[in-house]
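Visitor: I am new to this structure and should be grateful for a close look at a single part of it. Please explain how that part is placed among its surroundings, and how it fits into the whole.

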Amino acid sequence: MLKPLLKTTLVLLLILTCWTGLISPSQAASSRESRLPGGDPITDGEALLRYALPIDAPALFKIQKDIESISGPVRGRRWSAATSSLSEANFLLTRRSEEILANVPDEKRADGEAYLTELNEELQELRDRVSEQERLPIFAAQAECLSTIGALETLMVQGFPFEIPAEYSDLPQLKGRATVEMETEKGNVTMVVDGYNAPITAGNFVDLVDRGFYDGLKVTRAEESYVVQLGDPPGPDDGFSDPATGEYRAIPLEIKIKGDPDPVYEFTLEEIGLYREEPELPFSAYGTLGMARPSNDPNGGSSQFFFFLFEPELTPAGLNLLDGEYAPFGYTVAGKEVLRKLKKGDRILSIKVTEGLENLEI
């Protein structure tokens with residue numbers, strides 16, 4: 001049974017989701033009732049991106065998890081727990097380095113070895129900082145370790161992991177990842193767009209960014225503790241019409257389930273009885289990027305997108321009302337504080353692809 005405060009906040013959330021492209025009351029109520037708490041979610045976008053790479057590297061994932069897990073103990077000054085996790089990470093890194101390198105293609109092995117050497121040094125630095133029990137230096141050293149792990153994991157990706165259905169061949173596709181920088185009146189926001197798990201949704205977005213479509217557009221929706229929505233052009237259309245053809249571009253709903261080889265297209269997970277499945281890119285991190293759409297049309301997305309402002313009180317583990325209903329396609333990795341400042345009417349001054357444009361296929 002839900003606690004009274006949680007019930008109240010979920011009701012408020014249901015009211016907010018009834019208009020301008022987010023979920024309908026019937027969808028939300030059904031989703032709320034059918035989902036069960038599933039433990040503590042990962043709420044860091046960069047961590048979610050690392051785990052969502054199409055690779056199989058259990059030893060490195062375990063090292064990553066051990067390093068990530070020290071955050072709570074360090075905040076609570078439980079130094080023995082943090083030390084234990086890092087000792088385990090160090091043991092795995094020492095004993096299973098060859099297994100880790102086996103996941104790196106031969107032509108990239110030298111880079112992989114360099115990253116492993118760097119990670120060894122950074123992990124020792126992190127262990128030293130924990131022994132000194134100074135939290136800020138610990139978190140800085142932790143971030144360095146995780147950044148190196150992310151670079152090493154990226155080396156392990158070998159090609160695009162699945163075949164996109166032929167019926168979507170006329171839509172832009174992102175065969176990899178791209179970094180996008182958005183300049184607003186309130187500051188800059190950096191996001192990583194994930195084509196490995198949402199190639200059509202991410203491809204559509206990156207194509208529009210590259211066209212300059214979003215430059216100058218206003219925030220159309222900014223509800224505190226919930227969502228910031230952008231991408232609605234002036235005029236009668238709610239999305240993008242290709243100037244070369246005059247045709248309106250709509251994209252299918254695209255959600256990749258954790259462990260599945262390719263995404264589900266055109267249906268919400270609940271519509272096909274998969275409402276308990278976990279998406280590869282969940283709406284569990286502050287600043288998750290999602291594709292907006294009409295509440296009655298899963299395949300009506302075009303240009304409008306939103307940043308989900310994750311709040312545990314509104315979206316506890318297992319009760320997230322957007323997972324399986326909307327297409328997530330990336331995460332905010334810098335400038336998260338800017339999202340809280342954005343209000344309806346604020347403008348996108350410019351938005352550009354700074355890395356990964358070569359992964360876009362049109």
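Guide: Helices here are DSSP runs of H or I with at least four residues, strands are runs of E with at least two, and both are numbered from the N terminus. In this numbering, for example, Glu266 belongs to the loop between β7 (264-265) and β8 (288-291). The model is a predicted one. Its chain holds eleven helices and twelve strands, and 52% of its 362 residues are buried. Of the contacts between residues at least 6 apart in sequence, 73% join residues at least 24 apart.

The part chosen for the close look is helix α4, which spans residues 58-68. This helix is mostly covered, with eight of its eleven residues buried. Those buried residues are Ala59, Leu60, Phe61, Ile63, Gln64, Asp66, Ile67 and Glu68. They pack against α3 (45-51), α5 (71-75), α6, α7 (97-101), α8 (109-132) and α9 (135-155). Two of these neighbours, α6 and α9, are taken up in turn below.

Two packed helices are described by the angle between their axes and the distance between the axes. For α4 and α6 (residues 79-95), the axes come within 8 Å and cross at roughly 160°. Because angles over 145 degrees count as roughly antiparallel, α4 is roughly antiparallel to α6. Their crossing is left-handed. On the α4 side, the residues that meet α6 are Ala59, Lys62, Ile63, Asp66 and Ile67, and their partners in α6 are Ser85, Leu86, Glu88, Ala89, Leu92 and Leu93. Sorted by class, this contact of α4 with α6 has seven nonpolar residues, one polar residue and three charged residues.

Ser85 deserves a word of its own. This residue lies in helix α6. Ser85 has a relative accessible area of 18% and is therefore buried, since the cut-off for buried is under 20%. Setting aside residues up to four places away in sequence, Ser85 touches Asp66, Ser69 and Ile70.

The second neighbour is α9. The axes of α4 and α9 are 10 Å apart, and the two helices pack at an angle of about 160°. They are therefore roughly antiparallel to each other, and α4 passes α9 in a left-handed crossing. The α4 residues in this contact are Leu60, Phe61, Ile63, Gln64, Ile67 and Glu68, while α9 contributes Gln142, Cys145, Leu146, Ile149, Leu152 and Glu153. By class, the residues between α4 and α9 divide into eight nonpolar, two polar and two charged.

It remains to set the helix within the chain's nonpolar cores. The largest core has 56 residues, of which Met191, Val193, Phe205, Tyr214, Phe307 and Phe329 touch the most other members. Helix α10 (residues 199-211) supplies the largest share of this core, six residues. A second, separate core of 35 residues includes Ala59, Ile67, Val74 and Ile149. Ala59 and Ile67 are among the α4 residues that meet α6, and Ile149 is one of the α9 residues in the contact with α4.

Finally, the loop between α8 and α9 contains Gln133. Its phi is near 60°, a positive value in a residue other than glycine. Most residues other than glycine have a negative phi. Gln133 is partly exposed, with a relative accessible area of 38%.

Technical notes: Residues numbered from 1 in each chain as written. Predicted model: local features only at pLDDT ≥ 70, side-chain atom pairs only at ≥ 80, totals over all residues. Heavy atoms only, no water. Axes fitted to C-alpha atoms, helices over the stretch in contact; angles between N-to-C directions. Parallel < 35°, antiparallel > 145°, perpendicular 65-115°, else oblique. Left-handed = near helix turned anticlockwise from the far one by under 90°. Contact = heavy atoms within 4.5 Å. Nonpolar A, V, L, I, M, F, W, Y, C, P; charged D, E, K, R; others polar. Core = buried A, V, L, I, M, F, W, Y, C linked by side-chain atoms within 4.5 Å. Buried < 20%, exposed > 50% of the residue type's maximum accessible area, 1.4 Å probe, protein only.
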